[in-house]
Amino acid sequence: MHRADQHPSRRTFLDVTGAMVAAGLTAGCTSDSAQPGRHAPSAAATPMPVPATGRHQAGITLPQPAQPNLLAVVADLATSAAAGPLLAELGQAIRTLAAGTDPRLLGLPPGDLTVTVGVGPRLVRTAGATLPGAADLPQFSRERIAPPARGGDLLIQICASDPLLLPVVAAALLDRAGDRIHERWRQSARRGTNAPVGNGLTAPRNPLGFIDGIVGPHTTAEQQRDLWLAGPPAVAGGTLAVLRRMELDLPRFAALSVAEQEAVFGRRRATGVPLSGGTIATNPELGAKTPDGRYLVPADAHVRRANPTVVGTGLMLRRSYSTDEPAPGLLFISFQNDLRTFTATLTHMETSDALLPFTTTTASATFLILPGFDRQHPLGSRLFG
């Protein structure tokens, strides 16, 4: 939902928190890309804590499997000069929140809470015009985006197994930031149930009923090649995120036959197996044809149009979440170390992808996800000093 341009007061945040908790807020945050490990823990299980510090920020590849609830907050800084001190303070708050020692948790155990922070292109350019993350996202087709929902200086991604934590942690961090930032928009979301995809990996279903995020940088070697930034030193260990909120035309998609739905994606709905055959982990055989010369994977199927080999890009770690407000739809987040991985893929999809006509993008932004931090190296200190 969209927020007022004015930064709310502490009382407003507490009121909002109470209203969201009273309404039984349920959100969803976990990777749509296949994840190693068992299915997500049951509600009765005690989630393991996730270290807030390290070479990479938590909430991207850790924990695995990722948590089932997400709240993304996008905001602007009142002045770019505030970036360094503000990020350092947010990093301190994230450490105390994750450790369960912050009184603003209101007695809630942090469990597997993670908070991931990114900065937008405008801020990155103040540190260096050629740095990764300095480029804005171009505009694409099928967008209906109000000005407050395009771009932004700051991304705060909050993930946890306990949905009650999300508004409480957001209120604590925004209260810490005070009038140095004002919120543009926020989105809560949830992911579907994980399904096994082979080799110890799982992936969730998306709101259209299909297993989503089967292809991605799952191995350490793939993540070093396609996910993490290797340099320059100010950004090494970070990554680039793209955030897109979409409305889905669920009634029109549901009106298709199962075979027609499968042709849109290029995979079987029940199993995730490519229409060209094999297993769910098999790469689609894009050249395979029927005896009468038709492609088994249609020419406009999503798995063909978004295929990294066809597009000529690296892999992206993709996450898709179901949303209810402001409209039924999808929150898409991708992580990659080259923004072209996303932009070239979507450009290729725009020419002919059977999935796009069922989507309308209503919010869009890109962020440099800062490298990890610790007590000696505050969040953002390598970029902003």
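**Entry 1: a salt-bridge network**

I started with charged side chains in this predicted model and found that Glu-89, Arg-176 and Arg-180 are linked in a network of salt bridges. I pulled the distance for one pair: Glu-89 and Arg-176 come to 3.4 Å, N to O. Then I checked where the two sit. Glu-89 belongs to helix 2 (residues 83–99) and Arg-176 to helix 4 (residues 165–177), so I noted a link between distant parts of the chain, 87 residues apart.

Are these two buried or exposed, or something in between? Glu-89 has 24% relative accessibility, which makes it partly exposed. Arg-176, at 25%, is also partly exposed. The cut-off for buried is under 20%, so neither of them qualifies.

**Entry 2: other salt bridges**

I wanted the total next: how many salt bridges does the rule give? The count is 17. I looked up a couple of them besides the network.

Asp-136 and Arg-125 pair up at 3.1 Å, N to O. Asp-136 is in the loop between helix 3 (121–127) and strand 4 (154–160), while Arg-125 is in helix 3 itself, so this bridge ties together parts that are 11 residues apart in sequence. I wrote down accessibility for both ends: Asp-136 is partly exposed with a relative accessible area of 48%, and Arg-125 is partly exposed at 35%. Exposed would need over 50%, so Asp-136 stays in the partly exposed class.

Arg-144 and Glu-247 were my next pair, with 3.0 Å from N to O. Arg-144 is in the loop between helix 3 and strand 4, and Glu-247 is in strand 8 (residues 239–248). The two are 103 residues apart, and the pair links distant parts of the chain. Glu-247 has a relative accessible area of 27%, so I filed it as partly exposed.

**Entry 3: nonpolar cores**

Then I turned to the nonpolar side. Which residues have the most contacts inside the largest nonpolar core? That core has 65 residues, and the ones with the most contacts inside it are Val-115, Val-119, Leu-154, Ile-158, Val-169, Leu-173 and Leu-368.

I picked Val-115 and listed its neighbours, leaving out residues up to four places away in sequence. Val-115 touches Gln-57, Ala-58, Ile-94, Ile-156, Gln-157, Ile-158, Val-169 and Leu-173. Ile-158, Val-169 and Leu-173 appear on that list and are also among the core residues with the most contacts.

I also came across a second, separate core of 23 residues. Its members include Ile-145, Leu-155, Leu-227 and Leu-243.

Technical notes: Residues numbered from 1 in each chain as written. Predicted model: local features only at pLDDT ≥ 70, side-chain atom pairs only at ≥ 80, totals over all residues. Heavy atoms only, no water. Core = buried A, V, L, I, M, F, W, Y, C linked by side-chain atoms within 4.5 Å. Buried < 20%, exposed > 50% of the residue type's maximum accessible area, 1.4 Å probe, protein only. Contact = heavy atoms within 4.5 Å. Salt bridge = Lys/Arg side-chain N within 4 Å of Asp/Glu carboxyl O. Helix = DSSP H or I, 4+ residues; strand = E, 2+ residues; numbered from the N terminus.
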